[in-house]
Amino acid sequence: MDTKFIFIVGKTCTGKDTLMKKILKTFQTNCIPLKNCTTRPKRTENENTYTFLNKEEMLKALFDGSLIECQEYNGWYYGILESSIKKNYANISVLSIERANLWYDYLKANNLLSNSLIIFIEEPEKTRLFRYVNRLINDNQFDIPSLKEMIRRFETEEKDYLTPLEDFPNVLNISSHDYYSDIANKINKFIIKGVL
């Protein structure tokens, strides 16, 4: 299998992480998560979902070309190192639209655009707000600062998602109303044949 890339893009609470977990479980022999790096501190001592770098390390990686893309959120930097790409796998990550567009340049420069699949999830704002509030309640974080952060995120994304997605050759537009089996069939076709 060629090295491939699957990027899940969508606003807050569209189900990106849930979909990524399903894909990794369904295609565990073919898919591998791309590990993000960040300058934010660990939330818990055992947190291993990111590679944690300090700001100097992140900037050095950006300037020496080992960081494919980098974006600042709330004062912290996030990105993916080229060394995290696993050859002969479908490398999968959840990305903002801005970060997906930064990947476009890397993929195009390396003649890998046809090896990429964007899964763009869209959900109504009401559904997303309901999910976010439920998440806060379930995590015992239903307070004014958390609600302010929710509003900030939703307002920021309204501006961010005015930017169109670059002209990726393989884009799958979905919502939570789509059957996962249909989505999985298209992903399988992309992994095996490289097309939808």
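Here a biologist and a modeller talk through a sheet and the helices around it in a predicted model.

Biologist: Happy to start with the sheet! What is the order of its strands, and how do they pair?

Modeller: The sheet is open and has 5 strands in the order 2-7-1-8-9, with parallel pairing. From one strand to the next, the twist averages 25 degrees.

Biologist: What makes strand 2 and strand 9 the edge strands?

Modeller: Strand 2 (31-33) and strand 9 (171-174) each pair on one side only.

Biologist: How do you know that strand 8 and strand 9 pair?

Modeller: Pairing takes at least two bridges between two strands. Strand 8 (residues 116-121) and strand 9 are joined by 4 bridges, so they count as a pair, and they run parallel. One of the residues involved is isoleucine 121, whose bridge partner in strand 9 is isoleucine 174.

Biologist: Good, now helix 1. Why are Lys16, Leu19, Met20 and Ile23 said to line one face of the helix?

Modeller: These four residues of helix 1 (residues 16-26) are buried, which means under 20% relative accessible area. Seen down the helix axis, the buried residues fall within an arc of 100 degrees, so they line one face.

Biologist: And which residues are exposed on the other side of helix 1?

Modeller: Asp17, Lys21 and Lys25 are exposed there, which means over 50% relative accessible area.

Biologist: What covers the buried residues of helix 1?

Modeller: The cover includes strand 1, strand 2, strand 7, strand 8, strand 9 and helix 6. Helix 6 (residues 180-193) also lies across those five strands, running at about 145 degrees to strand 1.

Technical notes. Residues are numbered from 1 along each chain as its sequence is written. This is a predicted model: local features need pLDDT of at least 70, side-chain atom pairs count only at pLDDT 80 or more; totals for chains, interfaces and linings use all residues. Side-chain values use heavy atoms; hydrogens and water are left out. Helices (H or I, at least four residues) and strands (E, at least two) are DSSP runs, numbered from the N terminus. Axes are lines fitted to C-alpha atoms, for helices over the stretch in contact, and angles run from 0 to 180 degrees between N-to-C directions. Contact means heavy atoms within 4.5 Å. Buried means under 20% relative accessible area, exposed over 50%, partly exposed in between (1.4 Å probe, protein chains only). The arc is that of the directions from the helix axis to the C-beta atoms.
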